[in-house]
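Work through the two exercises on pockets. Keep the sequence and the 3D view open beside you.

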Amino acid sequence: MRLTDEEKAMCDGRDGAAVARAMDLLVRYGEALGAEALVETRNVCGTVTATTPFMRDFAMAKGGLDAVFSEFNLDTSEVVTVPKVRAFSSHLQLGFDPHHPAEMGVSEQVLQFYKRSEAEAARMGVQILNTCTPYQVGNVPTRGEHCAWMESSAVIYCNSVLGARTNTEGRESTSAAMLTCRIPDWGFHHDKGRVGTLGVHLDIAVESVEDWGLLGYWMGDWVQEHVPVVTGVGRVPNLPRLKHFGAAASSSGGVEMYHLVGVTPEANTKEQAYGGRKPAEVRHYGDRQRRETLERINATAHDKHVDYVMLGCPHYTIEQIWEAAQLLEGRKVHENSALWIFTPRAIKEVANRNGYTQIIEAAGGKLMTDSCSAMSRAVPPGTKVVALDSAKQAHYLPAILGLQAWFGTTEQCIDAACTGRWSAA
Ligand code: F3S
């Protein structure tokens, strides 16, 4: 790998042991990927706190974040002192909501450990956003900006909606990038990696959040890791729709970038999206594909009673909380059901100010932050059947927790929470 003089100095220990270990990791990782150089990045989204039970036990046994960071973030058994980060770095979601430890099944000891770990991450200069949607709350990279992000739903949004450039990084590479402002230069950092290769033409109107989730799920299942180009887009989708679309496509497949012609910054025209080439194949998306996708997502569900409704995957926007609060106002969550809604901490502050948190809680629901049921493996006790408005969460919860999952609109989910039954067709 070609290194600049600055990078060689970091490798040689000029900036301390942690930076040298980070450079060593990036060079080994980049060479394994076939990258010829590193690219400068000043925008990183990753995870530095001890988020899993295994890491927490390790940290508690070894004495703190330096040990966890060395072992799990820098891939070295030598415990190095972790310096402040150089890149603007945002913390992604956690394995639990520290403000609802009882619901998450988290002990006081773990909670106290987490609080110390979060303070340590803040001391490093990592922004404690604690969300899978950093682009909602202060981390909005610009077109062409080189980033190093984890979290599949955020990566696809970064590439396709914002026109910034990132591969799907891991805990180790993002941590090394935080300390060095470098990441291997390959894949979606290059123009040629961003060109569309397969086509999807919409024969039907795709309008609601549910519609966009279904389209994303169908598209990801077909294209897997290719870059699809979507034509026939009618009304321009807003942030919640694009959030659900990308999250679904990166769950059923490994899609990291798509082009919506007329929406994606690099797809003003179909020709631009394909980079002047022809797609290998174009498929049409119509009523049959929509219906079959809905049946497939709902394949695990047969009991009509609903124990639990989870909203906020990816983390809800303030617009979605506003909608949920309007649907809930004056109603009560059924005694045999529960409603948890997940959002970033910063957006919960706005929900508090607008009275939405109060409406949700008066109905018997909870507005939670930092995590979700898939990440925390936490659901209300006794849950067997869940209702969701997220294709991504409907993809993961049956596999992770063995639950039955109904997928539908936000309105259908709120109805299910208030009646204890799934009554959508
Ligand atoms: Fe976010 Fe959890 Fe979904 S972390 S994207 S809400 S699986």
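Two exercises follow, each with a worked solution.

The model is predicted: local features need pLDDT of at least 70, side-chain atom pairs count only at pLDDT 80 or more, and totals for chains, interfaces and linings use all residues. Numbering starts from 1 along each chain as its sequence is written, and side-chain values use heavy atoms, without hydrogens and water.

**Exercise 1.** State the volume of the largest pocket, then place it between domains.

Step 1. A pocket is an open set of points on a 1 Å grid over the protein atoms alone, where a 1.4 Å probe fits, with protein on both sides within 12 Å along at least five of seven lines; lining residues have an atom within 4 Å of a point. Volume is the space filled by probe spheres set on the points. For the largest pocket this is about 360 Å³.

Step 2. List the lining. It has 18 residues, with T51, T52, G95, M375 and S376 nearest the centre. The elements giving two or more of them are α3 (53-62) and α16 (373-376); helices are DSSP runs (H or I, at least four residues).

Step 3. Place the pocket. Domain 1 (5-189) and domain 3 (298-419) both contribute lining residues, so the largest pocket lies between them. The domain bounds come from an automatic or database assignment.

**Exercise 2.** Find which helix gives the largest share of the second largest pocket's lining.

Step 1. This pocket holds about 260 Å³. Of its 18 lining residues, E151, C372, A374, M375 and K392 are closest to the centre.

Step 2. α7 (152-160), α16 and α17 (391-401) each supply at least two. The largest share, four residues, belongs to α17.
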